[in-house]
Amino acid sequence: MADLRAYQPSFTAGVLSPALWARTDMEKYVTGLKVGQNIFIHPHGGASNRAGTEFIGKVKNSADAVRLIPFQFSADQTCVLELGEHYMRIWRDGAIITSDGSIYEIATPYASGDVGDISFAQEADVIYLCHTSHPVHKLSRYADDNWTIEAVEFQPSIEAPASAPTVKVTGNTAGHSGYSRTEYYYKISYIDEDTSEESLPSAASAVVVNDLGLAGGINTISWTAKEGVARYIIYKEDNGVYGYIGGTEGTTFDDENITADLSDTPQTGRNPFDGDGNYPRCVSFIEQRLTFASTLNDPQAIWMSQSANYENFNYSSPAKDSDAVTFRVKSRQVNEIRSLLPMRGMMALSSSAEWIITGGSEADAITPSAIAIANQGYRGSSKVQPINVGNVVLFAQARGGVVRDFLYEFASDSYTGNDLTILARHFFEGKEIVSWAFCQAPYSIIWVVLDDGSLMSLTYLKEHKVWGWTSHDCGGGYFEDVVAVSEGKEDVPYFLIKRTINGSEVRYIERLHTRSFDDIEDAFFVDCGLTYDGSEVDTISGFDWLEGETVSALADGNVVRNLVVTGGVITLPFSASKVHVGLPMTSAMQTLDIDLGTVQGLGTVQGRMKSVPSVTMRVEKTRGIWVGAKRDAEEGDAALVEYKQRSTENWGEPIALKTGDIAIDIDGDWNPGGNIWVKQFDPLPMTILSIMPDIQSGR
């Protein structure tokens, strides 16, 4: 028998699947966990209990499916859109937008059964919405309580001239005998002074004149001035094709037998998304073009608008570089394109493969005459829109609940990536990802909702090879959706959670509270909760959304358990001025089986009986944790032991947070694993930086 001390310096591998619990040879084993519930992994290695969720509000109708969409105009102007049964409402900074004292909402064409399949792309104050059963719609914000939604018509921003130009002949006339006679046809178009976009051409005007090759032969084309036009373009017919002969800011133009440039022709109007079966599945902004892909009639097609003219899909013949672009991604199987995103040109993810589309090289833009399509793999993508994390793309595979990262590798001149779920496969077996959101600040976490209503978090930092999964519950809630928007100095996730409250099924919108606080009185570690901040009271009302539930509270930094909401009211055992009230949350972590390698001639300690009589942990801003060799007292004599932290504080004062090393004697028993449980039952902070169990090992 020998007395040993093990050391786990970090938890960056997150929770490892049971299939890996024997892989002591794997580098990530020494930084992994068996259990990580309601905790997240810091990129630098520690593990903390997550903050609680704030109750923001109830959706309009809990009986209908709802979708959340993030809207971010700038770092300071963000909101969350609630789309339900033919309506949209707006939430900003944790409150719903009202107008004249009533909740502001607008009507939409989408039924509740449609909202889950909407794809969207935003630029400034406009979001384009796609669904294969509906025409493309444009959602525009003019103020927090002034939004419009309308079907996109896909035509130039400036209308075509209403009538053909007038042509006056000078010099040679049709009545002069002895000369050949020629018919001339002209069209004009407008250039918008705001967008520089060209309109469709006017109807043609015709004139019959003598040969303009003679001196003095001039055709003068004229038209009526149009407000908002910066320039007028004139085209002349040559063998059935109209070509450019000039442009002017005025309202007349003299054709002195100018040869038409047939390489520069007027636009031909086109709306490729007109009619059932022609509505696109996905949308993105790529290379200053609004880009759509995959209709029911043409699932492998991609359409790119004219450059910088997002709703213009017109073209010329021969094509100009600025014209709209249409092409198809041909593959062995006809599979729908499910996502588009800008990445060294364009990345297209289909149900069977991944593609990179460029103009022929990295520096070349995509144009009608320059399109290069390169396959990057045959994994296939789910319908969940991918996430950009720096220069890396994360996407969910079409089958199996797998998350992959996707990054350009210079050495192979191709995109490669990792299966980020391989180490925690048990979380995803038989499940699919339905929603996810990336919060870069402050912890670089992707929040992932699965189709069974569970929530996962992935801490991801590619440059330091950090990716670690943990799981989360929320007081019995069923997660349905998650989005993230910037608020202040943090990226904040908003969750759509279905709960059963007082016997009724409800859908609530809740957001994750900040975990940044200076005083323990400000720590928020309850779910579906809110904060009372005012004069000292012992009775607080207004908790109707938790009617009948047993809740916990942190009142002026002191824990209060087992409060029942009755008539929307809770009663504290003492008066307090700052009280956080909500559903209790239990956070837990369990270490993997201790592995010391070969020590003191014993060989591996894997499978050997061992006992852990004491544990030293390095913690940061922590209070109220429980530690033990078993999950809880119901599992036997080896119950959890509370770390007694109060020392010099006066009675009634909140206990100070601990940073540093703490040592705890626990009721260890002999078992093959030597695992350590750390749990937090109360609404208090917990951050574990390392765990150092003392081990007694036997043969």
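Visitor: Which residues point one way from β48, and which the other way?
Guide: In this predicted model, the residues of β48 divide between two directions, and all are buried. In a regular strand the side chains alternate between the two faces of the sheet. One way point S587, M589 and T591; the other way point A588 and Q590.

Visitor: Why is strand β48 described as largely enclosed by the rest of the structure?
Guide: The strand covers residues 587-591. A residue counts as buried under 20% relative accessible area. β48 is largely enclosed because the buried residues number five of the five.

Visitor: Which residue of β53 stands opposite A588?
Guide: β48 pairs with strand β3 (residues 32-37) in the antiparallel sense over four bridges, and there A588 is the bridge partner of Q37. β48 and strand β53 (residues 677-680) also run antiparallel, joined by four bridges. Opposite A588 in β53 stands K679.

Visitor: Is E336 buried or exposed?
Guide: E336 lies in the loop between β28 (325-328) and β29 (337-342). Leaving aside neighbours within four places in sequence, its contacts include S294, P299 and K383. The cut-off for buried is under 20% relative accessible area. At 17% relative accessibility, E336 counts as buried.

Visitor: With which side chain does the side chain of E336 make a polar contact?
Guide: R281 is among the residues in contact with E336. The two side chains make a polar contact at 3.2 Å, so the partner, within the 3.5 Å cut-off, is R281.

Visitor: Which strand gives the most to the largest nonpolar core?
Guide: This core has 55 residues, and L394, I446, M617 and I688 touch the most other members. With four residues, the strand that gives the most is β49 (residues 610-622).

Visitor: How many residues apart in sequence are the parts that F40 and Y443 tie together?
Guide: The rings of F40 and Y443 form a tilted aromatic pair, 4.6 Å centre to centre with 40° between the planes. F40 is buried, with a relative accessible area of 3%, and Y443 is partly exposed at 23%. F40 lies in strand β4 (residues 39-41) and Y443 in the loop between β37 (433-439) and β38 (445-450), so the separation in sequence is 403 residues.

Visitor: What kind of aromatic pair do F273 and F313 form?
Guide: F273 is buried, with a relative accessible area of 4%, and F313 is buried at 0%. Both belong to one aromatic cluster with F154, F292 and W303. The centres of F273 and F313 are 5.3 Å apart and the planes are at 85°. Planes over 60 degrees apart count as edge-to-face, so the pair is edge-to-face.

Note on methods. Residues numbered from 1 in each chain as written. Predicted model: local features only at pLDDT ≥ 70, side-chain atom pairs only at ≥ 80, totals over all residues. Heavy atoms only, no water. Core = buried A, V, L, I, M, F, W, Y, C linked by side-chain atoms within 4.5 Å. Buried < 20%, exposed > 50% of the residue type's maximum accessible area, 1.4 Å probe, protein only. Polar contact = N/O pair within 3.5 Å; in protein donor to acceptor, adjacent residues only side chain to side chain. Contact = heavy atoms within 4.5 Å. Pairing = 2+ DSSP bridges. Phe/Tyr/Trp six-rings, centres within 6.5 Å; stacked < 30°, edge-to-face > 60°.
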